[in-house]
Amino acid sequence: MAGRRARAATSARRPDPEPMEVDESVVVAIGTAAWFVAWAVLLVFHGRLEDNGNEWYLWTAAAGFGLGCWGWWLTRRRVEARRAGRRRRAAGPTP
């Protein structure tokens, strides 16, 4: 075990990779759409869910959709702010 640590300490550390550019709003939009589809499918089975006392499934899917819409709005704001910051940096200092 001591040999491993010594070898790891002497070897040069590789540089960290550049962060990936990902539009998080697309990921959130896909998840939100999945919650909406789940709600629509559960709505078809509303009577059966109600009979078995599992009507809360519908409300869970509705809450997932609502929170997803809010999350999508927040991520869109963040993506736009990041793009605006990049544009400002690319333009350089203003005299």
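In what order do the elements of the protein run from the N terminus on? The elements follow the order α-α-α-α. The legends below describe a predicted model.

**Figure 1. Overall view of the four helices of the protein.** The predicted model contains four helices and zero strands. Helix 1 covers residues 2-10, helix 2 covers residues 24-44, and helix 4 covers residues 56-91. Of the 95 residues in the protein, 13% are buried. The protein exposes about 8100 Å², and carbon and sulfur atoms supply 65% of this area. Among contacts with a separation of 6 or more, 62% are between residues 24 or more positions apart.

**Figure 2. Close-up of a nonpolar patch on the surface.** The patch is formed by Trp 35, Phe 36, Val 37, Val 41, Val 44, Phe 45 and Phe 65. Together these residues have about 640 Å² of accessible area. Helix 2 provides the largest share of the patch, with five residues. Phe 65, by contrast, belongs to helix 4. Phe 65 is partly exposed because its relative accessible area is 30%, and partly exposed residues are those between the limits of 20% and 50%.

**Figure 3. Close-up of the aromatic pair Phe 36 and Phe 65.** A pair of aromatic rings is described by the distance of the centres and the angle of the planes. The count of aromatic pairs in the structure comes to three. In one of them, the ring centres of Phe 36 and Phe 65 are 5.4 Å apart and the planes stand at 50°, so the pair is tilted. The tilted class takes the angles that are neither under 30 degrees nor over 60. Phe 36 is in helix 2 and Phe 65 in helix 4, so the pair ties together parts that are 29 residues apart in sequence. Phe 36 counts as partly exposed because its relative accessibility is 40%. Phe 36 and Phe 65 also belong, with Trp 39, to one aromatic cluster.

**Figure 4. Close-up of the aromatic pair Trp 56 and Tyr 57.** How are the rings of Trp 56 and Tyr 57 arranged, and what is the angle between the planes? The pair is edge-to-face, with 4.5 Å centre to centre and 85° between the planes. Tyr 57 has a relative accessibility of 33% and therefore counts as partly exposed.

**Figure 5. Close-up of Asp 23 and its salt bridges with Arg 76 and Arg 83.** Side chains of opposite charge can pair when their charged atoms come close. The structure holds seven salt bridges. In one of them, the side chains of Asp 23 and Arg 76 meet at 3.5 Å, N to O. Asp 23 lies in the loop between helix 1 and helix 2, and Arg 76 lies in helix 4, so this pair ties together parts that are 53 residues apart in sequence. The relative accessible area of Asp 23 is 25%, so this residue is partly exposed. Asp 23 also forms a salt bridge with Arg 83, in which the closest N and O atoms are 3.9 Å apart. This second pair links distant parts of the chain, as Arg 83 is in helix 4 and Asp 23 is in the loop between helix 1 and helix 2, 60 residues apart. Arg 83 is partly exposed, with a relative accessible area of 32%.

**Figure 6. Close-up of the salt bridge between Glu 24 and Arg 78, with the network around Asp 23.** The closest N and O atoms of Glu 24 and Arg 78 are 3.7 Å apart. Glu 24 lies in helix 2 and Arg 78 in helix 4, so the pair ties together parts that are 54 residues apart in sequence. Both residues are partly exposed, Glu 24 with a relative accessible area of 23% and Arg 78 with a relative accessibility of 46%. Through salt bridges that share partners, Asp 23, Arg 76, Glu 80 and Arg 83 are joined into one network.

**Figure 7. Close-up of Ser 25 and its contacts with helix 4 residues, including Arg 76.** Is Ser 25 buried or exposed? Ser 25, which is found in helix 2, is buried because its relative accessible area is 3%, and the limit for a buried residue is under 20%. A polar contact of 2.8 Å joins the side chains of Ser 25 and Arg 76. Leaving aside residues up to four places away in sequence, Ser 25 touches Trp 72, Thr 75 and Arg 76.

Notes
Residues are numbered from 1 along each chain as its sequence is written. This is a predicted model: local features need pLDDT of at least 70, side-chain atom pairs count only at pLDDT 80 or more; totals for chains, interfaces and linings use all residues. Side-chain values use heavy atoms; hydrogens and water are left out. Patches are made of residues with over 30% relative accessible area and no salt bridge: like charges are joined within 9 Å, nonpolar side chains (Val, Leu, Ile, Met, Phe, Trp, Tyr) within 5 Å. Accessible areas come from the Shrake-Rupley method with a 1.4 Å probe; for residues, only the protein chains shown count as cover. A salt bridge is a side-chain nitrogen of Lys or Arg within 4 Å of a carboxyl oxygen of Asp or Glu. Helices (H or I, at least four residues) and strands (E, at least two) are DSSP runs, numbered from the N terminus. Buried means under 20% relative accessible area, exposed over 50%, partly exposed in between (1.4 Å probe, protein chains only). Rings of Phe, Tyr and Trp (its six-membered ring) pair if their centres lie within 6.5 Å; planes under 30 degrees apart count as stacked, over 60 as edge-to-face and the rest as tilted. A polar contact is a pair of N or O atoms within 3.5 Å; within protein, one must be able to donate a hydrogen and the other to accept it, and residues adjacent in sequence count only if both atoms are side-chain atoms. Contact means heavy atoms within 4.5 Å.
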